[in-house]
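Student: Could we go through this model together, asking at each step what earns a feature its name?
Tutor: Gladly; let us look at it first.

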Amino acid sequence: MRLFIASLNASANPPVAKELAAALETRAPQQGLPVQKLERQASAVQAGQAMGESFDQQGQEAFRWLSVTLGTQCDAGDYILVLAPQLAELDALIRWYGSQSTALRPHLGIVLAHAPGKGLPGEQDPLLSEKLYQQFSQQLSNLAAHKLTYFCTDEDLADQYLPWLRERLQYLPETVENRCRTILNTARSAELARESITSSWGTAALLRHLLGPRRGVSLLDGVGGDLTSVLLQTLTGVESYVTTATAALPLDQLATQVGTTSLNRRGFHAGESNWPEAVAGKMDLVIGSALADAQELQALWSALSDGGVLFLQGDVTQRPEGFATNGWQVDIRLPGNPGQQVASLVGRQAESYVQVRAALLNLPQHLHWLPLPAALEPAALTPARQERLWAVQAKIQAGQLAAAAKDMAQALADDPDDSELERCHASTLQALGDQEGAIAHWSHLVQQQPERQDATEALARALTSLGEYGIAGAIIDNHQQYGTAPSPALGPIRKAVLRTSELIPEALPEHQGRIGLLQIHTFYPAYLEQFYARNPALPGQDFATQIKALEADAFSANHMLTPYLGALGYEAQLIVANDPVSQGRWAAQHGLPNGIGMMEVVRRQVEAYRPEILYLSEPISFDSRFLETLSYKPRLVLGWRGALAPPDTRWHGFDVMLSGLSGIRELSLQLGAAHGVHFFPGHPNWINPKLNGIIPETDVLFTGQWTIGQHEKRNQQLLALADAATDPRAPFSLALHLSGQTDNAPSSLAPFLRPPVYGLDMYRALASARIVVDSRADHWMFDPLTGQPKDVGRGETVNMRLFEVTGAGRFLITERFDNLSDYFEPGLEVETFSDREELVDKIRYYLAHPDKLEAIARRGKERCRRDYAMEWRAAHFDRIVRRHFI
């Protein structure tokens with residue numbers, strides 16, 4: 001542990017603060033505590049400068065100073081004493097502290113030496129300063145939790161702060177020596193708190209965390225009764241407590257210690273001979289000692305219900321022989337090499353592990369957990385990962401941040417599931433100023449473990465600092481569905497997002513419970529034929545099994561929202577309207593006659609499910625004429641269209657038509673939709689592990705349709721690629737996975753034609769290429785009002801292939817469109833071309849410069865998987881629903 005004495009505005013420090021700093025600089029080393037004094041000289045306020053402008057300037061300068069000095073030196077084991085911060089510096093301290101990983105945040109002590117209004121430039125505004133101080137202190141308290149202490153040397157001054165700081169405020173004695181002793185003791189107690197888990201009170205804190213918001217918990221202390229009195233006085237939500245004949249504390253002594261009222265309220269009962277079977281099987285949590293009698297432990301474990309958990313305090317590796325389990329086990333340890341084991345959780349069934357998983361993910365930062373077997377939780381620490389983490393943390397503590405970041409990047413390439421190392425890597429990248437790199441890793445952590453509060457908080461803060469309020473809003477929305485308890489630290493972020501109208505705080509109007517949603521889509525007939533040929537047993541399965549299998553094969557996966565909406569409060573069901581197998585099975589299960597038509601089956605499904613929201617992601621077959629046939633009318637009807645609409649299309653009755661192209665949205669209003677709203681596809685990150693290990697073997701690849709008319713420009717580009725691939729001066733391998741009217745394709749394409757690929761096979765094909773070409777279809781159609789040709793594409797793109805290729809981690813070269821930079825940065829995350837000659841030239845250039853090719857592919861992959869994950873797209877869809885649901 002080290003003590004950092006930080007002055008954010010040294011010139012404004014009063015004498016008492018300077019005197020205290022000098023005394024601590026002398027006394028701390030005498031007690032074996034290394035000390036470092038850091039001072040910042042604030043720039044002067046310019047004459048005539050506006051109050052808000054000056055305040056922002058001071059805060060930004062202080063934030064940069066904190067990032068460069070403390071941000072590169074401190075870790076979770078250190079203590080920072082901030083001397084006499086004013087309002088602007090306190091604001092900077094909050095933003096800097098919040099940008100640090102929760103696991104690496106140091107302890108904070110703040111010496112208050114100025115009145116609350118001090119530091120508000122220009123005209124003093126007591127009401128504003130009071131409001132700001134109250135807001136800032138609450139934000140900092142939420143961030144620092146148990147790591148924050150305020151000190152004050154003046155009793156009158158402390159009274160001004162007391163309404164906001166309450167128990168976090170400490171009065172410092174009058175003499176300098178006593179003041180130093182108080183601060184150093186506080187710092188030492190913070191260090192000792194890391195080991196408090198080994199005490200009975202520490203055990204109580206750990207149990208409170210594991211219980212979380214659950215109620216109706218019963219505790220059985222068959223062994224280790226010495227903890228009884230402490231546990232019963234500190235735990236909440238306990239309805240019953242049972243002791244056994246072997247408990248260390250007799251029942252009458254227990255009643256004396258905890259009091260009759262407590263005893264009666266919790267309903268104590270003496271143990272009986274058959275207590276394991278009669279009691280343990282009904283308990284959520286069983287408390288015991290790792291060193292208890294082996295037969296009693298075995299009886300406890302054997303009697304657990306599927307959801308029951310056995311909590312063993314102490315080092316379970318030292319437990320007596322004769323106690324063996326074949327269920328799951330999680331060991332909880334303090335950091336160190338080796339880390340001291342303080343407790344274990346043991347269960348019989350996966351159900352009980354699922355119930356405590358969220359609490360384990362959010363354990364206090366000074367605790368590590370190791371699941372056995374490791375397959376139980378691939379992202380958790382293993383002994384090898386612990387060794388690696390200690391090595392990089394040693395480099396960070398030595399100030400070698402760049403070297404540590406390089407080591408972590410290499411390690412994560414080999415072991416991408418190491419969440420502890422990835423968290424450390426993200427924090428280090430932030431300290432180095434690589435905000436986008438840090439965001440990529442925070443995003444990956446949140447996607448892998450959406451219950452994590454620390455990663456969610458860090459990602460949301462990083463995104464809002466870059467102005468990405470919409471994405472931050474989706475992340476906060478998503479976390480509310482997974483979090484075990486509300487995260488106070490997300491409150492200020494949520495308010496910032498709300499100001500942008502990107503987040504809808506209210507529940508759906510007049511709605512109780514979950515929302516019924518039906519998504520109706522169609523798949524390519526050729527794909528469906530291939531799919532069932534590969535799965536010959538599937539036609540004999542039930543409808544739900546068939547739909548799950550179709551979803552798992554990833555056809556049109558970047559449009560399938562139903563797998564993600566359940567976490568957002570929906571009962572969502574997918575219908576593949578033109579699939580004769582699954583639709584036939586549904587019809588048979590619901591007693592419909594054979595041979596019933598596609599439209600009639602879908603109509604019956606709408607009336608059977610009676611969804612509050614109907615999402616027609618195929619609004620051509622299912623347009624207004626279909627809606628008019630429904631006897632049941634959903635409360636909200638949405639559609640999606642990203643391509644042309646036939647001239648006779650009617651969209652009256654659609655409340656919202658979604659599209660990524662402004663021309664389609666405008667067209668939807670002409671065709672009768674009430675609203676046209678911007679929405680676009682995403683990337684299903686669950687596919688990513690299925691692409692690991694695929695080595696690119698083909699230089700250039702295209703997958704898509706060859707048709708006469710709609711894809712004429714694309715056809716000419718593919719012919720140019722075929723000619724270039726056979727040029728003896730600079731040949732390259734080319735694979736064209738074409739569907740459509742390929743029988744009429746020119747013979748020059750024949751050597752490069754490959755079978756069409758769909759779903760997971762398509763993603764694997766994309767991953768097998770070094771370069772993938774994207775070329776959008778033409779979007780010319782007749783205006784329904786004027787009858788004249790009209791380009792509804794308007795020089796825009798939001799092609800699915802943008803997300804499919806970058807999500808697969810491959811280099812994408814696509815046509816140059818005005819709005820492409822809204823999704824990816826040309827030249828950095830994707831490459832562009834404007835004609836056939838530039839397409840061929842750039843392909844040859846990047847094949848000759850693989851380092852540049854790989855860099856663009858990597859950045860595109862990070863952007864896609866971070867910003868366009870289907871979880872976020874589903875959350876965006878949910879916000880659209882909330883705006884229009886009446």
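Tutor: Let us begin with a pair of strands in this predicted model. E15 and E17 are joined by four bridges and run parallel.

Student: What makes E15 and E17 a pair?

Tutor: Pairing requires at least two DSSP bridges between the strands. E15 and E17 have four, so they count as a pair. One of the bridges sets Leu-517 opposite Ile-613 in E17.

Student: Which sheet holds these strands, and in what order do its strands lie?

Tutor: The sheet is open and has six strands, with parallel pairing and the order E16-E15-E17-E18-E19-E20.

Student: Why are E16 and E20 called edge strands?

Tutor: Each of them pairs on one side only. E20 covers residues 676-678. Neighbouring strands in this sheet are turned by 20° against each other on average, with direction ignored.

Student: Which helices lie against this sheet?

Tutor: Among them is H25, which packs on the sheet and touches E15, E16 and E17; its direction makes about 170° with that of E15. Another is H34 (residues 870-884), which lies across E15, E16, E17, E18, E19 and E20 and runs at about 140° to E18.

Student: How do you know that the span of H25 is close to the expected one?

Tutor: The expected span is 1.5 Å times one less than the number of residues. For the twelve residues of H25 that gives 16 Å, and the helix reaches 17 Å from its first C-alpha to its last, so the two values are close. Just after H25, Arg-610 takes a positive phi of about 50°.

Student: Which residues of H25 are buried, and what covers them?

Tutor: The buried ones are Val-601, Val-602, Arg-603, Gln-605, Val-606 and Glu-607. Their cover includes E15, H22, E16, H24, E17 and H26.

Student: Why is E18 described as mostly covered?

Tutor: A residue is buried when its relative accessible area is under 20%. In E18 (residues 636-640), five of five residues are under that cut-off, so the strand is mostly covered. Leu-636, Leu-638 and Trp-640 point one way, Val-637 and Gly-639 point the other way, and all are buried.

Student: What pairs with E18?

Tutor: E17 (residues 613-616) pairs with E18 in the parallel sense over four bridges. E19 (residues 656-659) also runs parallel to E18, and three bridges join them. Gly-639 takes part on both sides: its bridge partner in E17 is Leu-616, and in E19 it stands opposite Met-657.

Student: What makes a group of residues a nonpolar core, and how many residues has the largest one?

Tutor: Its members are buried nonpolar residues joined through side-chain atoms within 4.5 Å. The largest such set has 39 residues, and Ile-520, Leu-550 and Leu-614 have the most contacts inside it. E15, H21, H22, E16, H24, H25, E17 and H26 each supply at least two of its residues. H21 gives the most, with four.

Student: Which residues does Leu-614 contact beyond four places in sequence?

Tutor: Leu-614 is in contact with Leu-518, Ile-520, Val-606, Leu-627, Leu-630, Pro-634, Leu-636, Val-637 and Leu-638. A second, separate core has 30 residues, including Ala-557, Leu-661, Phe-680 and Tyr-868.

Student: What is the strand order in the open sheet that contains E23?

Tutor: That sheet also has six strands with parallel pairing, in the order E23-E22-E21-E24-E27-E28. Its edge strands are E23 (753-754) and E28 (831-833), each pairing on one side only.

Student: How do you know that E22 and E23 pair?

Tutor: The pairing rule asks for at least two bridges. Two bridges join E22 (residues 734-740) to E23, so the rule is met. In one of them, His-737 has Arg-754 as its partner in E23. H29 (residues 712-725) packs on this sheet, touching E21, E22, E24, E27 and E28, and its direction makes about 155° with that of E21. H33 (residues 850-867) lies across E24, E27 and E28 at about 80° to E27.

Student: How many helices and strands has the whole chain?

Tutor: The protein chain has 34 helices and 28 strands. Of its 886 residues, 55% are buried.

Technical notes
Residues numbered from 1 in each chain as written. Predicted model: local features only at pLDDT ≥ 70, side-chain atom pairs only at ≥ 80, totals over all residues. Heavy atoms only, no water. Buried < 20%, exposed > 50% of the residue type's maximum accessible area, 1.4 Å probe, protein only. Contact = heavy atoms within 4.5 Å. Axes fitted to C-alpha atoms, helices over the stretch in contact; angles between N-to-C directions.
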